[in-house]
Amino acid sequence: MSALAASGFIGGYRLNLTPSEPLGLWRIEELQRPVAIGDLVFLCPPLTAVFAEARRRGYLRRGLCAGGFAPLIKTVAALPTQRVEITDHVLIDGRPVPASSVWGRDGEGRVLLPDSGGVVPPHYLFLHSSFASSYDSRYFGPVPDSGLLGLARPVFTLEP
């Protein structure tokens, strides 16, 4: 069983067990071009207090990224120099992002603080998921593109 898991990991396969994208088997595909808006990507989160708290609350799973985090599977919603506004929903360069409601509490009633928004800095990405319970850049802000692992491709998935 361990050999099978190791060969899958080496081959770029990952298991998604969080409801921010369909559950199941995914593959990391090498990105052969610059990342673009709308790309569904795997990205290792940075080692910050925000992500440590997210792990403690159970928003993130354990994995092989630095800090013991599993990589995120999210859609790139904004690139450097784009302006993000966060109110009760998200606007990018003045245009509303579909399915971007901002919640004040999580499913267990704990306070969720939205990011303050602003201009996405160089070498950062603003990530989004249309799944209602997704923990994404609405709450943790833009993330460094240095954590980008590649495109996320579903292999065998089920909707949560």
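Me: Which residues are linked in a network of salt bridges?
Reply: Keep in mind that we're looking at a predicted model here. Side chains of opposite charge can pair when their charged atoms come close. In this structure, several such pairs join up into a network, and its members are E53, R56, R57, D106, E108 and R110.

Me: How many salt bridges does the structure hold?
Reply: To count, a side-chain nitrogen of Lys or Arg has to be within 4 Å of a carboxyl oxygen of Asp or Glu. Go through the structure with that rule and the total is 9.

Me: Where do E53 and R56 both lie?
Reply: These two meet through their side chains in a salt bridge, at 2.5 Å from N to O. Along the chain they are 3 residues apart, which is about one turn of the helix. The element they share covers residues 49–57, and that's helix 2.

Me: Is R56 buried or exposed?
Reply: Let's start with its partner: E53 has a relative accessible area of 28%, so E53 is partly exposed. For R56 the value is 60%. The cut-off for the top class is over 50%, so R56 counts as exposed.

Me: What is the relative accessibility of D106?
Reply: D106 is in a salt bridge with R110, where the closest N and O atoms are 2.7 Å apart. R110 is partly exposed at 24%. D106, on the other hand, counts as buried, and buried means under 20%. Its own value is 12%.

Me: How far apart are the closest N and O atoms of R138 and D136?
Reply: Both partners are tucked away from the surface: R138 is buried with a relative accessible area of 2%, and D136 counts as buried at 0%. They still form a salt bridge with each other, and the closest N and O atoms are apart by 2.8 Å.

Me: Which element gives the most residues to the nonpolar patch?
Reply: The patch sits on the surface and is made of Y13, L15, L25, V155, F156 and L158, with about 600 Å² of accessible area together. Two elements give two or more residues to the patch: strand 1 (13–16) and strand 11 (148–158). The top contributor gives 3 residues, and that's strand 11.

Me: What is the relative accessible area of L15?
Reply: L15 is one of the residues in the nonpolar patch, and L15 is found in strand 1. L15 is classed as exposed, which means over 50%. The exact value is 62%.

Definitions and conventions:
Residues are numbered from 1 along each chain as its sequence is written. This is a predicted model: local features need pLDDT of at least 70, side-chain atom pairs count only at pLDDT 80 or more; totals for chains, interfaces and linings use all residues. Side-chain values use heavy atoms; hydrogens and water are left out. Helices (H or I, at least four residues) and strands (E, at least two) are DSSP runs, numbered from the N terminus. Buried means under 20% relative accessible area, exposed over 50%, partly exposed in between (1.4 Å probe, protein chains only). Patches are made of residues with over 30% relative accessible area and no salt bridge: like charges are joined within 9 Å, nonpolar side chains (Val, Leu, Ile, Met, Phe, Trp, Tyr) within 5 Å. Accessible areas come from the Shrake-Rupley method with a 1.4 Å probe; for residues, only the protein chains shown count as cover.
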